[in-house]
Amino acid sequence: MSNEKLKCRNKKWEMHSFAFLITHFSFLICFAACSETVSHTAPAVNDRDSASMMVSYGVNTLISDSGVIKYRIVTERWDVNTVKNPPRWTFEKGIFMEQFDPQFHIEGYIQADTAWYYDQQKLWELRGRVYIRNVNGLIFRSEELFWDGIKHEFYSYKFSRVVTPERTMEGTYFRSDEHMTHYEVTNSVGSFQAADMEPEPAQPVAPVLATPGGTPVKPDTAKVEVPVRKAATRHKATQKTVFQP
């Protein structure tokens with residue numbers, strides 16, 4: 001056999017061997033892909049970034065307490081999360097809330113940039129531009145306010161400003177009842193009307209007179225004689241010398 005035929009035969013053998021290897025390798029890949037199931041899973045969700053149980057947008061709803069409607073909540077976004085400790089409602093896009101009395105009359109309204117409500121503690125935490133106004137004309141402004149639903153009181157440890165029709169007060173600590181009728185501001189400065197600081201003058205009482213027969217006489221027709229004390233007379237002091245025998 002000539003060298004040329006031998007070389008041609010070797011090349012054909014090499015080509016068949018290479019094709020066999022490729023086919024066998026492809027078969028092994030296909031078998032491995034079909035026999036092994038690859039599961040694509042997302043990373044685990046931690047407690048600190050757990051998803052909310054409910055997310056609502058464009059909320060305008062009424063909230064009742066013990067079967068009585070007490071509040072109206074208006075917010076752009078409302079998140080309810082029961083996994084975080086403690087569980088909470090979150091209002092990251094701000095909140096506007098109206099408060100009603102038992103007759104469903106508006107007692108006041110509250111506004112804040114951000115708010116959290118811890119339903120187990122019945123505690124509201126308001127942050128940002130907190131603004132309150134009630135039916136008595138009181139206006140409250142601060143960067144922080146807590147509303148305790150168990151103790152039924154407001155309190156703040158930030159600089160607060162309270163404006164009423166009679167006075168203006170500012171301080172770094174504020175505490176009040178839910179109706180903003182009894183409140184205190186410490187470390188405060190403010191302006192007051194002079195009448196608030198001065199005692200009211202006593203009203204004169206007209207004497208009631210009577211005649212010898214016991215008939216009352218009107219004060220404007222009676223002649224009242226006021227006894228006048230005689231003027232004191234100054235006497236010169238005298239010096240007395242006593243001699244002993």
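Rings of Phe, Tyr and Trp, the last represented by its six-membered ring, are taken as a pair if their centres lie within 6.5 Å.

**Figure 1. A cluster of aromatic rings in the predicted model.** In this predicted model, ring pairs link Trp-78, Trp-89, Phe-91, Tyr-117 and Trp-124 into a cluster. Across the structure as a whole, the aromatic pairs number 15.

**Figure 2. The stacked pair of Phe-146 and Tyr-155.** A pair of aromatic rings is described by the distance of the centres and the angle of the planes. For Phe-146 and Tyr-155 the centres are 5.3 Å apart and the planes enclose an angle of 15°, and the pair is classed as stacked. Planes under 30 degrees apart count as stacked, and the angle of 15° between Phe-146 and Tyr-155 is therefore assigned to that class. Both partners are buried: Phe-146 has a relative accessible area of 13%, while the value for Tyr-155 is 15%.

**Figure 3. The surroundings of Thr-75 in strand E2.** Thr-75 is found in strand E2, which comprises residues 68-81. With a relative accessible area of 6%, Thr-75 counts as buried because the limit for this class is under 20%. A polar atom of the Thr-75 side chain lies 2.6 Å from the backbone oxygen of Gly-94. When residues up to four places away in sequence are not counted, Thr-75 touches Gly-58, Val-59, Phe-91, Gly-94 and Ile-95. Among these neighbours, Phe-91 also belongs to the aromatic cluster that includes Trp-78 and Trp-89.

**Figure 4. A nonpolar surface patch with Phe-104.** Leu-62, Ile-69 and Phe-104 together make a nonpolar surface patch of about 230 Å². Phe-104 lies in the loop between strand E4 (95-100) and strand E5 (106-112), and Ile-69 falls within the residue range 68-81 of strand E2. The relative accessible area of Phe-104 is 40%, and this residue is therefore partly exposed, a class that lies between the limits of 20% and 50%.

**Figure 5. The whole protein as a setting for the close-up views.** The secondary structure of the protein comes to 2 helices and 16 strands, and 27% of its 245 residues count as buried. Of the contacts in the protein with a separation of 6 or more, 31% are accounted for by residues 24 or more positions apart. The accessible surface of the protein comes to about 19300 Å², and 56% of this surface belongs to carbon and sulfur atoms.

Note on methods:
Residues numbered from 1 in each chain as written. Predicted model: local features only at pLDDT ≥ 70, side-chain atom pairs only at ≥ 80, totals over all residues. Heavy atoms only, no water. Helix = DSSP H or I, 4+ residues; strand = E, 2+ residues; numbered from the N terminus. Buried < 20%, exposed > 50% of the residue type's maximum accessible area, 1.4 Å probe, protein only. Polar contact = N/O pair within 3.5 Å; in protein donor to acceptor, adjacent residues only side chain to side chain. Contact = heavy atoms within 4.5 Å. Patch = residues over 30% accessible without salt bridge, like charges linked within 9 Å, V, L, I, M, F, W, Y side chains within 5 Å. Areas by Shrake-Rupley, 256 points an atom, 1.4 Å probe, with all protein chains shown as cover. Salt bridge = Lys/Arg side-chain N within 4 Å of Asp/Glu carboxyl O. Phe/Tyr/Trp six-rings, centres within 6.5 Å; stacked < 30°, edge-to-face > 60°.
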